[in-house]
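Please open the model in your viewer and keep the sequence panel beside it, since each stop on this tour begins with a selection.

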Amino acid sequence: MRTKKDTLEIKSRLLEHFGKPETELKFSNLYELLVAVMLSAQCTDKRVNLITPAFFKEYPSVVELSNANLSSVKELIKSCNFYNNKAKNLILMAKSVMENFNAEIPLDTNLLVSLAGVGRKTANVVMIEYAGANLMAVDTHVFRVGTRLGLTKAKTPELAEIDLTKAFKTELNYLHQAMVLFGRYTCKAVKPECDKCFLYDLCKSKDKIKFE
């Protein structure tokens, strides 16, 4: 694990470089954000943004989605990875909101995870992007970046979330999105762009490209 000094330097550079970043998913309310985040699992934000306009036109709220035909939902999101399961979970999520929360999506992590298809990462992202909550959501990008920078040695996203929360403590909402963008565009899974990395001198990863 990193020293406190190194951790603070990493935190400082991430915030300096990205400022106060927001998700690249397009949404206009809590319902749209939740649907978009659910669709984004194992799927790019760009793809989700291509899908959601038609989806929200057909199903503008949980009311319509709770009564949706499964085949129709599948047709609208078929270009998204794992669309069969996502279609089922979207309808079940909407039904649960209608039945258990009086048609109001709960803005609470512990209640959000009670909805079909909503895991802790999804719930945390919703809380971060909609409420600015001081939470860390660990997706594949955050997990990779955190591991490469030596901020966590955890084997699961859940444990990595604990490590990163303990390491950074504050401004987790901005740091989450900063790590997502950093992992998406610079610290890539394959062929990381180390020559453009503003954390190069602090990186000790085996994936680090050495320069003469």
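Begin by selecting Gly132, which sits in the loop between H8 and helix H9 (140-148); bear in mind throughout that this is a predicted model. Is Gly132 buried, exposed or partly exposed? With a relative accessible area of 39%, Gly132 is partly exposed. If you display its contacts and leave aside the neighbours within four places in sequence, you will find Met127 and Asn173. For a sense of the distance to the next stop, draw a line from the C-alpha atom of Gly132 to that of Leu65: the two are separated by 26 Å, and they lie 67 residues apart along the chain.

Leu65 leads into the largest nonpolar core, so select it together with Tyr31, Val35, Phe55, Val73, Leu90 and Met93; of the 40 residues in this core, these seven touch the most other members, and a nonpolar core here is a set of buried residues joined through side-chain atoms within 4.5 Å. Colouring by helix shows where the core comes from, because at least two of its residues are supplied by each of helix H2 (30-40), helix H3 (45-58), helix H4 (62-66), helix H5 (70-77), helix H6 (83-100) and helix H8 (120-131). The largest share, nine residues, comes from H2.

Stay with Tyr31 for a moment and show what surrounds it: not counting residues up to four places away in sequence, Tyr31 touches Phe55, Phe56, Tyr59, Pro60, Ser61, Val62, Leu65 and Ile105. Then move to a second, separate core of 24 residues, among them Leu172, Leu175, Met179 and Leu202.

Next, look for enclosed space. A search of the whole structure finds one cavity of 30 Å³ or more, and the largest cavity has a volume of about 120 Å³. Of the 15 residues that line it, select Phe182, Cys187, Cys194, Cys197 and Cys203, which are the closest to its centre. The lining as a whole divides into nine nonpolar, two polar and four charged residues.

Finish with the cysteines. How many disulfides does the structure hold? The structure holds zero disulfides. Select Cys203, which counts as buried at 15% relative accessibility; its sulfur is 6.3 Å from the closest cysteine sulfur, in Cys187, and therefore too far for a bond, given that a disulfide needs sulfur atoms within 2.5 Å. Cys80 also counts as buried, at 2% relative accessibility, and its sulfur is 3.4 Å from the closest cysteine sulfur, in Cys43, which is again too far for a bond.

Note on methods. Residues are numbered from 1 along each chain as its sequence is written. This is a predicted model: local features need pLDDT of at least 70, side-chain atom pairs count only at pLDDT 80 or more; totals for chains, interfaces and linings use all residues. Side-chain values use heavy atoms; hydrogens and water are left out. Buried means under 20% relative accessible area, exposed over 50%, partly exposed in between (1.4 Å probe, protein chains only). Helices (H or I, at least four residues) and strands (E, at least two) are DSSP runs, numbered from the N terminus. Contact means heavy atoms within 4.5 Å. On a 1 Å grid over the protein atoms alone, a cavity is a set of points where a 1.4 Å probe fits but cannot get out, and a pocket is an open set with protein on both sides within 12 Å along at least five of seven lines; lining residues have an atom within 4 Å of a point. Grid points are joined across faces, edges and corners, and a volume is the space filled by probe spheres set on the points. Ala, Val, Leu, Ile, Met, Phe, Trp, Tyr, Cys and Pro count as nonpolar, Asp, Glu, Lys and Arg as charged, and the others, Gly among them, as polar.
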